[in-house]
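Please open the model in your viewer and keep the sequence panel visible. The tour goes from selected strands out to the whole chain.

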Amino acid sequence: MTADPAAAPVGAEVVTRLGSGGPWEALYGYSRVVRAGSLAITAGCTSTVDGVVVHVGDAAAQTAQAIRIGLAALAEVGAGPGDVVRTRMYVTDRLYADEVGRAHNAVFGPVRPVATMVVVAGLLDPEHLVEVELEAYLPAG
């Protein structure tokens, strides 16, 4: 992860913004993960690795890959899977809901964060079947 130059204090707390170097972050002006106090949030994560979509046509594998990318980003700001309190999953077809949900459960079943799954018309790359966002809470102390 690379630090984004916009890391700045907000009130008494520091906001940390990290980028992964992905192709869209600089172009569209966002960070892969932001930590503000006790809250850590990822941008939408897909199954893009080194600029290439992996697991084309496999929604479950794309979900698992996207979650791994999101968890790696959260780890950079001190959060782990057990700290995740909310997930959002965007799928391009309702037929993927079960396999995406099961891939989510394989990681977060014991944690049971609140979750939302939304069917969308499409994602940025037409080979993306799913996009995932993660939010974590890290209590002070």
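Select residues 39–42, strand S5, together with residues 130–137, strand S10: the two run antiparallel and are joined by three bridges. Within this pair, pick alanine 40 and look across to S10, where alanine 136 stands opposite. This is a predicted model, so read the positions as such.

Keep S10 selected and add strand S8, residues 84–91. S8 and S10 also run antiparallel, here with seven bridges between them. Which residue of S10 stands opposite arginine 86? Glutamate 135 does. S10 thus takes part in two pairings, one with S5 and one with S8.

Now colour the chain by secondary structure. Ten strands and three helices should appear. Going along the sequence, the order is β-β-β-α-β-β-β-β-α-β-α-β-β.

Next, show the C-alpha trace alone and turn it along its principal axes, where the spans are about 45 × 35 × 20 Å. The radius of gyration is 15 Å, which agrees with the value near 14 Å that a compact globule of 141 residues would have.

Then display contacts between residues at least 6 apart in sequence: 65% of them join residues at least 24 apart.

Switch to the surface. Its accessible area is about 7,500 Å², and carbon and sulfur atoms account for 56% of that. Of the 141 residues, 35% are buried.

Last, select the charged side chains. There are 9 positive and 15 negative charges, and the mean positions of the two sets lie 8 Å apart.

Conventions
Residues are numbered from 1 along each chain as its sequence is written. This is a predicted model: local features need pLDDT of at least 70, side-chain atom pairs count only at pLDDT 80 or more; totals for chains, interfaces and linings use all residues. Side-chain values use heavy atoms; hydrogens and water are left out. Helices (H or I, at least four residues) and strands (E, at least two) are DSSP runs, numbered from the N terminus. The radius of gyration is taken over C-alpha atoms; the globule rule is 2.2 Å times the number of residues to the power 0.38. Buried means under 20% relative accessible area, exposed over 50%, partly exposed in between (1.4 Å probe, protein chains only). Contact means heavy atoms within 4.5 Å. Accessible areas come from the Shrake-Rupley method with a 1.4 Å probe; for residues, only the protein chains shown count as cover. Lys and Arg count as positive and Asp and Glu as negative; His and the chain ends are not counted. The place of a charge is taken as NZ of Lys, CZ of Arg, CG of Asp or CD of Glu. Two strands pair if DSSP finds at least two bridges between them.
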